[in-house]
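Colleague: I would like a close look at one part of this model, then a walk outward from there. Please keep it brisk.

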Amino acid sequence: MAILVTGGAGFIGSHAVKHFIERGEEVVVVDNLSTGHRAAVHQQATFYEADVADSARIETILRNHSVTAVVHFAAFSLVGESVVLPYRYYRNNTCGTLGLLEAMDAAGVKQIVFSSTAATYGIPDEMPIRETTPQRPINPYGHSKLFVERILRDKVLSDAEFGFVALRYFNVAGAAADGSLGEDHDPETHLIPIALQPAIEKRHCVTIFGSDYETDDGTCIRDYIHVEDLCDAHRLALGAIRPGDARFYNLGIGRGFSVKEVIDAATRVTGQNVPIELGERRPGDPPVLVAAADAAREELGWQPQMTDLDEIIGSAWRWYQQHPDGYADAATRSADNG
Ligand SMILES: NC(=O)c1ccc[n+]([C@@H]2O[C@H](COP(=O)([O-])OP(=O)(O)OC[C@H]3O[C@@H](n4cnc5c(N)ncnc54)[C@H](O)[C@@H]3O)[C@@H](O)[C@H]2O)c1
């Protein structure tokens, strides 16, 4: 009996694999390493370099390991790239997931936790955003994920034994408390790692895209959730799935921080000034995105532990101090060690 984690070499997936293994689960990882890192995969996980779209291979993996549930992180997630290369996103995120679901069907695996996103809401009608807030994505990335939510709903209607939980993440941040894992994206588009990069001389300054929004300090506000709290929600979601379930939960801490607040926190945490430049607003950036995450708390019993911005950024900072070149240096170290 094992859990299959797709995208387990990526930022969030690698933390989830560690989380499950430390709680006694047998974990199998499928990742094509398109954006992930082999060195990020926990040594006790069984790793397959494979694409989720390869249904035949995935079916064999599911059968060979008697997999009972899938946690599906594998996807592309650069919003701007999705606008330029929409087919790439629909192919990988939507069609790729179909390949995975067909393999699950063939192997009789009936449970999945799916990584969805706040990007499915687009520019929301209400704040904070509830699970019932209308979903109107404004880019192909958001649509590619919303289509998967639709496919999963339809599957439940056609198969009484199937059940799923779709978790709509807000801004995921931080790193493993023991400093073993962290965020290593290329290009990096997430604000917290970007705000830390000047302190490790990987960036000259941080561009603030828009400082004239109708917020207290004029910059955009986002809801940051620590990656380990996110993993805990996945564990709880997996335990909660029952046949016929079609559940959707927002995952955020329910409180927003502005771009300037994040930069101020990065200055406090690193003890170094973060140089900034003011840029234009980016099209499609809503001024405020904050989750109403009561449903996950009430129905899954989820309780995020890291709600202090300095603590969240502090955990990321520990990772960057130890791994200024990300997993590149981890790979070099393990090669050096034979
Ligand atoms: N990071 C965030 O703030 C955030 C917010 C909302 C939703 N999400 C979602 O969470 C998931 C994980 O995000 P992340 O930040 O860890 O991204 P990531 O790029 O670090 O990880 C994705 C992993 O999936 C793998 N992958 C991609 N396509 C694949 C395929 N076809 N077959 C096999 N492996 C494949 C990549 O190699 C990578 O290891 C994604 O589905 C993303 O859309 C992330």
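Take helix α5: how many residues does it have, and how far does it reach from its first C-alpha to its last?

Modeller: This is a predicted model, so every statement here rests on computed coordinates. Helix α5 covers residues 140–158, which gives it 19 residues. From first C-alpha to last it reaches 27 Å. That is close to the 27 Å expected at 1.5 Å a residue.

Now the burial. In α5, the buried residues are P140, Y141, G142, H143, S144, K145, L146, V148 and L152. They pack against two helices, α3 (79–84) and α4, and against the strands β5, β6 (163–169) and β11 (246–251).

Take β5 next, one of those packing partners. 7 of the 7 residues of β5 are buried, so the strand is largely enclosed by the rest of the structure. In a regular strand, side chains alternate between the two faces of the sheet. In β5, Q111, V113, S115 and T117 point one way. I112, F114 and S116 point the other way. Both sets are buried.

β5 has pairing partners too. With β4 it pairs in the parallel sense, over 3 bridges. There, V70 has I112 of β5 as its bridge partner. With β6, β5 also runs parallel, joined by 7 bridges. V113 stands opposite V165 of β6 in that pairing. β6 is thus both a bridge partner of β5 and a packing partner for the buried residues of α5.

The chain between β5 and α5 deserves a look. P128 sits in that loop. A cis peptide bond joins M127 to P128, with omega about -5°. A second cis bond runs from D186 to P187, where omega is near 5°. P187 belongs to the loop between β7 and α6 (191–196). Most peptide bonds are trans, and most residues other than glycine have a negative phi.

Two residues go against that phi habit. L33 has a phi near 60°, a positive value in a residue other than glycine. L33 is placed in the loop between β2 and β3 (46–49). L33 counts as partly exposed because it has 15 C-beta neighbours inside 10 Å. S66 also has a positive phi, about 45°, although it is not a glycine. Its place is the loop between α2 (55–64) and β4 (67–72). S66 is exposed, because 12 other C-beta atoms lie within 10 Å.

Next, the ligand. The shell around it holds 29 residues, and G7, G10, G36, A74 and A75 come nearest. The elements giving two or more residues to that shell are α1 (11–22), β2 (27–31), α4 (86–107), β5 (111–117) and β7 (171–173). α1 gives the most, with 3 residues. By class, the shell has 12 nonpolar, 15 polar and 2 charged residues. Two names return here: α4 and β5 contribute to the shell, and the buried residues of α5 pack against both.

Then the core. In soluble globular proteins, nonpolar side chains tend to be buried together. Here the largest nonpolar core has 100 residues, and V29, A195, L251 and V262 touch the most other members. Helix α10 (residues 309–322) gives the largest share, 7 residues. L251 merits detail. Beyond four places in sequence, L251 touches L167, R168, Y169, F170, I225, L230, A233, A291, A293 and A296.

One more sheet is worth a glance. 3 strands form an open sheet in the order β12-β9-β14, with mixed pairing. Its edge strands are β12 (257–258) and β14 (288–289), each pairing on one side only. Strand β9 (residues 221–222) pairs with β14 in the parallel sense over 2 bridges. I221 stands opposite V288 in β14.

Last, R268. It lies in helix α8 (residues 259–270). R268 counts as partly exposed because it has 13 C-beta neighbours inside 10 Å. Its C-alpha is separated by 9.8 Å from that of I313, although the two are 45 residues apart along the chain.

Note on methods
Residues are numbered from 1 along each chain as its sequence is written. This is a predicted model: local features need pLDDT of at least 70, side-chain atom pairs count only at pLDDT 80 or more; totals for chains, interfaces and linings use all residues. A nonpolar core is a set of buried Ala, Val, Leu, Ile, Met, Phe, Trp, Tyr and Cys residues joined through C-beta atoms within 7 Å. A residue is buried if 20 or more other C-beta atoms lie within 10 Å of its own, exposed if 12 or fewer, and partly exposed in between; C-beta atoms are placed from the backbone. Helices (H or I, at least four residues) and strands (E, at least two) are DSSP runs, numbered from the N terminus. Two residues are in contact if their C-beta atoms, placed from the backbone, lie within 7 Å. A residue is near a molecule or strand if its C-beta atom, placed from the backbone, lies within 6 Å of it. Ala, Val, Leu, Ile, Met, Phe, Trp, Tyr, Cys and Pro count as nonpolar, Asp, Glu, Lys and Arg as charged, and the others, Gly among them, as polar. Two strands pair if DSSP finds at least two bridges between them. The expected span of a helix is 1.5 Å times one less than its number of residues.
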